[in-house]
Amino acid sequence: MATRPSEKSSGDPMVVFSNSYARLPQHFFARVQPAPAPKPRLIAFNDALAAELGFDRRGLGPDELAAVLSGNVTPPGAEPIAMAYAGHQFGNFVPQLGDGRAILLGEVLDRRGDRRDVQLKGAGRTPFSRRGDGRAALGPVLREYLVSEAMHALGVPTTRALAAVTTGEPVYRDRSLPGAVLTRVAASHIRVGTFQYFAARGDDEALKRLADYVIDRHYPEIRDADRPYLALLEAVADRQARLIARWMHIGFIHGVMNTDNTALSGETIDFGPCAFMDAFDPATSFSAIDEYGRYAYANQPAIAQWNIARFAETLLPLLDPNPERAVERANEAITAFATRYRGHWLAGMREKIGLSGEGDADLDLVRGLLQAMHDNGADFTLTFRRLCAAAADPDADARARVLFADPQAYDRWAGLWRARFAADGQRPDARTAAMRAVNPAVIPRNHRVERALAAAIDEGDLSPFTELMQVLSQPYEDRPEFADYAKPPETSERVYRTFCGT
Ligand code: AMP
Ligand code: MG
């Protein structure tokens with residue numbers, strides 16, 4: 001059982017909790033206590049995020065901090081719970097999943113007044129753990145830390161990482177590994193699977209309660225809509241459409257787009273075997289558990305729509321008293337997802353190639369580039385980054401065309417691209433600057449991520465992790481001292497498979 005810490009001398013709590021999910025009916029969650037960690041050690045702490053949350057670490061040494069962030073000490077005001085949820089995993093419905101290795105400490109109102117969940121991932125067993133140990137290994141904890149913070153720096157909605165601690169206790173996966181706990185911060189941890197949990201039980205009252213809660217917390221602007229639950233479905237679909245478009249724009253592959261990993265807030269959540277693409281190939285899939293490529297890069301929009309359809313199903317009893325009418329309304333929203341997605345995707349792709357206005361042939365122009373990249377194994381991130389300079393100066397073509405196995409494929413496309421600029425009023429230097437703000441110079445390349453995790457796990461050396469974090473904190477800047485990090489892997493460095501390692 002965790003103990004309460006003594007109040008700090010000032011008497012001020014280190015963080016002010018304001019919990020609302022724990023006020024919902026009892027069957028929404030289970031009250032739990034984190035399991036003790038024998039020797040917690042703080043290995044990463046996000047000071048900027050802590051400041052956003054009003055998290056005051058003054059007077060707390062690293063050991064005291066590690067005690068709280070491992071779950072050994074429950075801070076005043078925290079009400080640890082494990083949330084109930086269900087979900088479709090790789091298309092198969094599981095009526096009960098739930099937080100099996102994550103414990104929600106509580107909610108904090110951040111500096112902007114936004115409510116944020118503070119969760120410990122890997123803090124021990126809960127009633128939802130099934131056969132799992134409730135623990136997390138250091139590798140996945142550091143991967144989530146790195147990639148979620150990189151996504152944030154890239155401007156993609158995402159859960160955040162506040163801290164990582166090692167527990168001093170091994171966890172057993174395919175081998176013995178250091179155990180660790182990630183402190184995750186999210187707009188909330190409510191998932192499509194949370195709605196599915198109640199829908200599967202025919203608990204319409206709970207569904208309504210949850211829907212009202214989500215509207216209040218994430219979509220207050222629709223509170224007074226004529227049909228608030230339909231408006232909720234549309235709003236959630238739109239945020240997913242925007243989110244997946246952002247992933248596609250930066251070559252991100254989530255890897256496990258199950259409905260329990262689809263957040264109602266529209267944030268990227270649950271970084272398992274996620275990875276970024278190097279050479280552009282729409283069929284790219286890294287996850288070792290995704291044998292058939294269900295969650296491959298190019299499938300992500302269709303899968304998101306499928307997940308929205310599962311969400312819509314749970315809302316049917318709330319959409320219309322007439323069941324047929326409810327299905328019609330749901331179908332309209334599901335169909336609209338595809339249109340919304342295409343709109344968000346094309347708008348972002350136009351920005352990536354430096355167009356400020358809309359032209360009828362833009363879709364063909366974008367597709368032409370992607371086809372040439374695919375045919376010629378061009379690196380996704382580098383191609384777009386090098387286009388930034390080329391947009392203002394044809395002499396810079398040299399650095400872009402070498403990325404294509406047949407450089408003339410680039411030349412042919414670049415001719416069409418430049419012709420399109422005539423109808424686009426931007427000044428060349430403004431175009432280049434706008435492009436540099438959306439086409440990152442660096443992404444968390446898999447070989448770099450794997451190397452940083454291996455150094456931490458095998459040698460206890462955190463310096464590659466720390467340096468990579470620093471590199472990824474300003475992804476849209478060219479920083480000559482980190483030029484190596486922009487490079488794609490050599491053939492021998494390529495990573496073909498990623499593992500959840502949960
Ligand atoms: P995820 O891989 O995060 O999408 O998790 C899928 C489900 O498995 C969730 O219900 C998790 O809580 C559960 N789970 C994953 N790893 C563990 C673990 N080590 N112990 C207990 N439950 C786990
Ligand atoms: Mg999950």
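**Exercise 1. Place F90 in the predicted model and state which backbone feature marks this residue.**

Solution.
Step 1. F90 sits in the loop that links strand 4 (87-89) and strand 5 (92-94). Strands here are DSSP runs of E with at least two residues, helices are runs of H or I with at least four, and both are numbered from the N terminus.
Step 2. Check the backbone. The phi of F90 is positive, near 50°, and F90 is not a glycine. Most residues other than glycine have a negative phi.
Step 3. Check the cover. F90 has 26% relative accessibility, so F90 counts as partly exposed. The cut-offs are under 20% relative accessible area for buried, over 50% for exposed, and partly exposed in between (1.4 Å probe, protein chains only).

Two notes on the model apply throughout. Residues are numbered from 1 along each chain as its sequence is written, and chains are lettered from A and ligands numbered from 1 in the order in which they are written. This is a predicted model in which local features need pLDDT of at least 70, side-chain atom pairs count only at pLDDT 80 or more, and totals for chains, interfaces and linings use all residues; side-chain values use heavy atoms, with hydrogens and water left out.

**Exercise 2. Treat D270 in the same way: where is D270 found, and is D270 buried or exposed?**

Solution.
Step 1. The loop between strand 11 (252-253) and strand 12 (275-276) holds D270.
Step 2. D270 has a positive phi of about 65°, although D270 is not a glycine.
Step 3. The relative accessibility is 14%, so D270 counts as buried.

**Exercise 3. Describe strand 7 (residues 115-121) and its pairing partners.**

Solution.
Step 1. Start with cover. Six of the seven residues of strand 7 are buried, so strand 7 is largely enclosed by the rest of the structure.
Step 2. Take strand 6 (residues 102-109). Strand 6 and strand 7 run antiparallel, joined by seven bridges. Two strands pair if DSSP finds at least two bridges between them. G106 has V118 of strand 7 as its bridge partner. L109 stands opposite R115 in strand 7.
Step 3. Look at the turn. Five residues lie between the strands of this hairpin, and G113 takes a positive phi near 90°.
Step 4. Compare the cover of strand 6. Seven of its eight residues are buried.
Step 5. Take strand 10 (residues 176-186). Five bridges join strand 7 to strand 10, and the two run antiparallel. L120 stands opposite T183 in strand 10.

**Exercise 4. Which residues come nearest to ligand 1, and which polar contacts involve its nitrogen atoms?**

Solution.
Step 1. List the shell. There are 18 residues around ligand 1, and G98, G100, R101, D133 and G134 come nearest. A residue counts as near if one of its heavy atoms lies within 4 Å.
Step 2. Find the contacts. A polar side-chain atom of D133 lies 3.0 Å from a nitrogen atom of ligand 1. G134 uses a backbone N or O atom, at 2.8 Å from a nitrogen atom of the ligand. R135 also brings a backbone N or O atom, at 3.3 Å from a ligand nitrogen. A polar contact is a pair of N or O atoms within 3.5 Å; within protein, one must be able to donate a hydrogen and the other to accept it, and residues adjacent in sequence count only if both atoms are side-chain atoms.
Step 3. Sort by class. The shell has two nonpolar, eight polar and eight charged residues. Gly counts as polar here.
Step 4. Sort by domain. Domain 1 (21-189) and domain 2 (225-351) each give at least three residues to the shell. The bounds come from an automatic or database domain assignment.

**Exercise 5. Follow R135 away from the ligand: where is its place, and which backbone oxygen does its side chain reach?**

Solution.
Step 1. R135 lies in the loop between strand 7 and strand 8 (136-137).
Step 2. At 10% relative accessibility, R135 is buried.
Step 3. Its side chain reaches the backbone oxygen of G122 at 3.0 Å.
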